[in-house]
Every structure is written in C-alpha cells, then in structure tokens.
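Here are my notes on the model you sent over. I've gone through it piece by piece, so keep the viewer open as you read.

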Amino acid sequence: MTPSDVVLELRQAPLSQALYGASLVVAVVVAVVVLTGDFPAHFTILFIAFMVGITGYNTATALSRARAHADGSLEVRNRLTTRRLRRSDIDRVMLGRQGGPGSLRRLELLLRDGTTLHLVATEVPPLPGLKRRLEEQAAELRAWRDGAT
C-alpha cells in the first residue's frame, strides 16, 4: 500500500501530541536528576526502568494510527498490534470511553464477529472541543465504511 491510496488517516489530536512531547522532556529532565543525584543504586535502576516503561508506552500511543485505504481496507495500528480489516468486517463505529466519567474518549469499532476494537489513535481527554473532533472523525470513518469516500 502506498500513502497515495490512503483516503482517511486518524491520528492523535494535536493536544495529545503536545502532551506526549512534554512528557518526553519531563522524562529526560527527571532521568538526568536521578542519574546525577545521590540516590541508592537500586532506586536509580528501578526508577529509570519505570521511566523507560512509561516513555515506551507513551511512544507507542503517539505512533498509533488508523488508515482507511481506497481498496476498502482499514489498517489499525494500536500500541502493540497492527490489524487489517475490510469494510465488511465493521458493523458500527461508536464513541466510547476508556473508563468511567472523566476518562479518555475514543472511537471503537464493533466488528461483525462481536468483538470491539478500540482505536488508540483517537484517544482524547474529555474536553468539549476534542469530543467534537472525535465526533467528526466518527462521521468520516462511517462515511468510508459506507463507501462514500
């Protein structure tokens, strides 16, 4: 697949990308402080391992995306997996939440086999402007699923 056959691409919201960039800066600063500070070796090792884990998780989230192709396939890259679907595999496009009230919102695909596939690339904090963006993305994805794009 070439990038020219991509008709719709869903990525992280600019606010989420900015927060990811800020988290990288904070991680580097804190790592330098811990490595140059007078902390016990076991604390330093555990802390750095923890920081690497969190930074890896955040990086995998930032690299997540969903690409709809002109040939009717949808490539969903979530944190650790990539999955390719056909239009016919998708029953519904829904707005969902990661948890309860006040948690991240995202798009979810209800597949014909009864499973739900979360689109990590669409996760946003529960802010009004971002919810509107998510609704627009849902409409675009529904239009693609229905063959309108």
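1. Start with strand β3 (residues 73–77), which pairs with β4 through 5 bridges in the antiparallel sense. If you want one pair to click on, Arg77 stands opposite Thr82 in β4. Bear in mind throughout that this is a predicted model.

2. Zooming out from that pair, β3 and β4 belong to an open sheet of 4 strands, ordered β1-β2-β3-β4, with antiparallel pairing. At its edges stand β1 (6–10) and β4 (82–86); each has a single partner strand, so one side of each has no neighbour in the sheet. From one strand to the next, the twist averages 15°. Helix α3 packs on this sheet, where it touches β1, β2 (65–69) and β3, and its direction makes about 150° with that of β1.

3. Now the other sheet. It is open too, with 3 strands in the order β5-β6-β7 and antiparallel pairing. The edge strands here are β5 (90–97) and β7 (116–124), each of which pairs on one side only. The twist averages 25° from one strand to the next. Helix α3 (residues 128–145) turns up again, packing on this sheet and touching β5, β6 and β7; the helix direction makes about 175° with that of β5.

4. How many bridges join β5 to strand β6? There are 7, and the two strands run antiparallel. To get the register by eye, look for Gly96, whose bridge partner in β6 is Arg106, and for Val93, which stands opposite Leu109 in β6.

5. On its other pairing, β6 meets β7 over 5 bridges, again in the antiparallel sense. Here Glu108 stands opposite His118 in β7. The two strands form a hairpin with 4 residues between them, and Gly114 in the turn has a positive phi of about 95°.

6. Is β6 mostly covered or uncovered? Covered: 7 of its 7 residues are buried. That goes for both faces, with Arg105, Leu107, Leu109 and Leu111 buried on one side and Arg106, Glu108 and Leu110 buried on the other. Do take a look at the charged names in that list: Arg105 is on one face, while Arg106 and Glu108 are on the other.

7. One residue I'd pull up separately is Val120, in strand β7. Why does Val120 count as buried? Because its relative accessibility is 5%, and the cut-off for buried is under 20%. Leaving out neighbours within four places in sequence, Val120 is in contact with Gln12, Thr61, Ser64, Asn78 and Arg79. There is also a link back to point 1: the C-alpha atoms of Val120 and Arg77 are 8.0 Å apart, although 43 residues separate them along the chain.

8. Last, the surface. Val25, Val29, Val33, Phe39 and Phe43 form a nonpolar patch there, with about 430 Å² of accessible area together. Helix α1 (residues 14–36) supplies the largest share of the patch, 3 residues. Phe43 sits in helix α2 (residues 41–62). Is Phe43 buried, exposed or partly exposed? Partly exposed, because its relative accessible area is 33%, and that class lies between under 20% for buried and over 50% for exposed.

Notes
Residues numbered from 1 in each chain as written. Predicted model: local features only at pLDDT ≥ 70, side-chain atom pairs only at ≥ 80, totals over all residues. Heavy atoms only, no water. Patch = residues over 30% accessible without salt bridge, like charges linked within 9 Å, V, L, I, M, F, W, Y side chains within 5 Å. Areas by Shrake-Rupley, 256 points an atom, 1.4 Å probe, with all protein chains shown as cover. Salt bridge = Lys/Arg side-chain N within 4 Å of Asp/Glu carboxyl O. Buried < 20%, exposed > 50% of the residue type's maximum accessible area, 1.4 Å probe, protein only. Pairing = 2+ DSSP bridges. Axes fitted to C-alpha atoms, helices over the stretch in contact; angles between N-to-C directions. Contact = heavy atoms within 4.5 Å.
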